[in-house]
Amino acid sequence: LNSDNWADSGSNYPFNTSTIPNQWYSSPQAAFNYPYGVSFGSDGYLYVADLSNNRIRKINVTTNQTYLVAGSSQGYQEGQGSNAKFYYPYGVSFASDGYLYVADTSNHRIRKINITTNQTYLVAGSGTAGYQEGQGSSAMFYYPSGVSFASDGYLYVADTSNHRIRKINITTNQTYLVAGLGITGYQESSSPIGSDWKPYTTNLNSPPYIVLNISFVNASKGHWFLANVTASDPQGVADIVGWSATSSVGLCVNYSNSTSGNNLTVVFNCSGTALMQTNITITFFDSANSNVSTSAINIYPNNKPNVSNVSISPSVVYANTPYINCTYSNLSDLDDDNVSVFYNWYVNGSLLANQTSQNLSIQFVKNQTIVCQLTPFDGYENGTALNSSVLVVSNSIPSIQNISLYSQIQMENTYCYAEITDADGQQDLVQITFSIFYPNGSVLLDNASAIQINSTWYRSPYFNLSVWGVWNCSVYAKDSSNASVRVDHTFQVLREWQKYYGATIGKLLLGSELGKFLINWSSSHGKTVYVAEPSVDIKFNYIYPLGVCPNGSLHIGPGINDFAQADQSLGISSSSSRTIREYFDSNNDSIADNNQTFYVFGRNVSNVPIAKITPTSPFATGIFYQGQSGSSTCYNGLQDLIFGVKISLNASGTYGTADYELMIPMELATYKNSSNSLVTFYGEYSGTD
């Protein structure tokens with residue numbers, strides 16, 4: 001014979017081969033190692049199952065030349081030609097579709113070969129020894145050997161160690177029981193399990209057997225599943241008296257049972273930790289305590305969590321926005337698991353490292369794109385990540401803050417200033433102006449160009465606070481993208497005290513006008529100029545310093561402050577005017593900040609509170625109240641107030657050379673009569689006209 005010779009030895013086979021010689025035949029003769037099944041193909045070749053060589057071969061019966069069809073070393077592998085592997089192939093049979101069907105005995109499978117391409121395919125069998133009717137790989141065989149096709153198109157199989165004859169629908173690969181009980185014995189019957197069946201050895205009990213192996217139905221909600229299995233018993237289904245299920249992970253409890261003919265179907269409810277793999281073993285017991293078990297592996301189901309409506313707030317973001325927030329709604333989990341969420345932030349399409357919190361606080365830049373990605377997690381696995389809509393950082397309007405006046409005192413020169421920045425970080429401010437409005441609404445400065453102080457501070461030109469009242473400073477800023485803003489801020493300009501100064505050349509001069517009375521420039525009189533409300537009749541012997549009682553003691557104590565009482569008496573409010581307390585008692589402790597001794601009508605009066613128009617002025621305004629002869633009453637707000645200044649001839653004053661200068665509150669003229677606008681200047685006079 002021409003040769004493609006193989007020879008091999010093996011022992012994993014259900015029959016005794018020890019009496020058959022194992023011989024290696026070398027070329028030029030072909031060699032086989034226990035050839036068994038043969039079948040002629042439509043191509044005229046004789047196909048041979050070379051059992052112990054684990055190969056399928058063919059012979060040209062005209063030339064006696066042998067050829068390899070499929071197979072190589074012992075094992076299981078689908079493939080083409082020598083890439084395929086068999087494990088003791090036994091029976092072979094051709095089908096009408098031209099495929100060669102093979103009982104791959106020790107692989108417990110039925111396979112087929114396309115004899116044109118020599119490609120192998122699985123028909124039925126899981127590869128594990130056992131009995132199970134099913135489709136394709138869900139079926140189980142136990143050393144199948146002989147195979148043959150019938151006129152009905154089914155492939156009939158001798159399932160040797162299962163003691164059964166079975167058939168396969170080669171279109172669907174579904175297996176069916178034809179005859180046999182699964183135990184050794186002899187009995188003729190018209191059905192696979194006859195009612196008149198008798199065991200070969202009548203004194204032995206036949207155990208239950210599995211009809212349908214375990215199948216699983218996963219729960220639609222929750223981490224559990226149903227395990228279904230069907231069994232029967234040669235003595236009848238009533239002989240199955242018990243069943244149990246064990247799980248390598250979790251717990252299985254009996255859920256339901258039902259019978260159909262001689263079959264018993266049992267369902268177990270198995271629950272455990274989601275996504276954990278578990279091996280389920282179900283065992284049936286008969287009345288003789290014989291049992292049969294079957295096992296299968298499943299994974300406890302889990303429904304992934306879901307989230308919807310991911311968004312970023314606020315919806316409009318500028319470069320100066322301090323932070324943004326990722327929000328969501330409709331967080332759900334069908335299994336009612338506790339769900340947490342994880343955040344990722346993307347800027348301009350790139351993932352930000354170390355930014356996994358709900359809030360994002362970075363330096364935003366105009367035209368940046370921001371996306372928040374949210375992933376739900378139920379403790380077992382992540383749900384589908386969901387992105388927010390793309391947020392584009394907007395061109396922000398300029399920022400105007402901290403609008404202030406350099407001075408808020410009437411008659412003083414001042415300017416309005418503000419902190420102005422380009423909030424989007426572009427630093428492209430192109431216009432900044434200031435407008436100043438009088439208290440009556442008329443315009444003093446109209447969109448005057450700003451003067452830059454430093455990188456962020458700007459001011460208006462100087463202007464004079466000529467009147468008291470509520471002034472308005474309006475600041476305008478615009479950037480290169482024409483984003484603009486105007487911010488107004490009002491200021492209460494305090495009514496300043498009236499300032500007086502003049503000369504005394506033999507007469508009291510008020511400004512440029514001559515006084516009414518001559519002043520006696522004697523050593524005992526004429527040293528002070530006094531100002532009071534016109535109706536006051538000054539009695540020089542009884543005027544006392546404000547804050548000092550007639551007996552010379554300080555007028556202090558709980559709830560006592562002569563300076564604040566004087567403001568109240570004159571109707572002076574700190575919200576609209578400079579106050580007596582502000583000028584004379586800035587510490588608000590009832591004690592004058594500064595004091596001097598005045599020479600009043602021939603007597604020295606000490607502890608007179610004083611204040612100056614400017615700190616360097618040589619003139620100090622003193623404040624007194626009018627007492628009465630024989631009265632020891634301290635100031636209580638009912639006595640008249642008198643302001644005075646020491647005369648200093650030709651002194652260099654605040655406004656030039658003068659003999660005196662002093663200041664008084666504007667309310668001094670009106671506190672007794674609101675229609676009065678005048679005050680009276682007094683000088684000391686002794687003698688006749």
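A disulfide is taken here as a pair of cysteine sulfur atoms within 2.5 Å, and the views below come from a predicted model.

**View 1. Disulfide pairing along the protein.** By the rule just given, the count comes to four disulfides. When the bonded cysteines of the protein are numbered in sequence order, the pairing reads 1-2, 3-4, 5-6, 7-8. Views 2 to 4 show the bonds Cys-326 to Cys-372, Cys-416 to Cys-473 and Cys-549 to Cys-634.

**View 2. The disulfide between Cys-326 and Cys-372, which links two strands.** The two sulfur atoms of Cys-326 and Cys-372 are 2.0 Å from each other, and this pair links distant parts of the chain, with Cys-326 in strand β21 (residues 324–332) and Cys-372 in strand β25 (residues 369–377), 46 residues apart. The torsion about the S-S bond of Cys-326 and Cys-372 is about -95°, so this disulfide is left-handed. Cys-326 has a relative accessible area of 0% and is therefore buried, and Cys-372, with a relative accessibility of 0%, counts as buried.

**View 3. The disulfide between Cys-416 and Cys-473, with both cysteines in strands.** In this bond the S to S distance between Cys-416 and Cys-473 is 2.0 Å. Here too the pair links distant parts of the chain, given that Cys-416 belongs to strand β30 (residues 416–421) and Cys-473 to strand β36 (residues 469–479), 57 residues apart. A torsion of about -100° about the S-S bond of Cys-416 and Cys-473 makes this disulfide left-handed, and both Cys-416 and Cys-473 are buried.

**View 4. The disulfide between Cys-549 and Cys-634, with both cysteines in loops.** Cys-549 and Cys-634 are joined with an S to S distance of 1.9 Å. Cys-549 is found in the loop between β42 (543–545) and α1 (562–570), while Cys-634 is found in the loop between β45 (621–626) and β46 (641–646), so that the bond links distant parts of the chain, 85 residues apart. The link of Cys-549 and Cys-634 is right-handed, with 110° about the S-S bond, and Cys-549 and Cys-634 are both buried.

**View 5. The polar contacts of the buried residue Arg-166.** Arg-166 is part of strand β11 (residues 164–169), and with a relative accessibility of 0% this residue counts as buried. The side chain of Arg-166 makes a polar contact with the side chain of Asp-159 at 2.6 Å, and the Arg-166 side chain also makes a polar contact with the side chain of Glu-133, at 3.3 Å.

**View 6. An open sheet of three strands, β15-β18-β19.** Strands of a sheet pair through backbone hydrogen bonds, in either a parallel or an antiparallel manner. In this open sheet the three strands follow the order β15-β18-β19, and their pairing is antiparallel. Strands β15 (240–247) and β19 (291–299) stand at the edges, each with a single partner strand, so one side of each is left without a neighbour in the sheet. From one strand to the next, the twist averages 15°.

**View 7. The antiparallel pairing of β18 with β19.** Strand β18 (residues 277–286) is joined to β19 by nine bridges, and the two strands run antiparallel. Within this pairing, Phe-284 has Val-292 in β19 as its bridge partner.

Terms used
Residues numbered from 1 in each chain as written. Predicted model: local features only at pLDDT ≥ 70, side-chain atom pairs only at ≥ 80, totals over all residues. Heavy atoms only, no water. Helix = DSSP H or I, 4+ residues; strand = E, 2+ residues; numbered from the N terminus. Buried < 20%, exposed > 50% of the residue type's maximum accessible area, 1.4 Å probe, protein only. Polar contact = N/O pair within 3.5 Å; in protein donor to acceptor, adjacent residues only side chain to side chain. Pairing = 2+ DSSP bridges. Axes fitted to C-alpha atoms, helices over the stretch in contact; angles between N-to-C directions.
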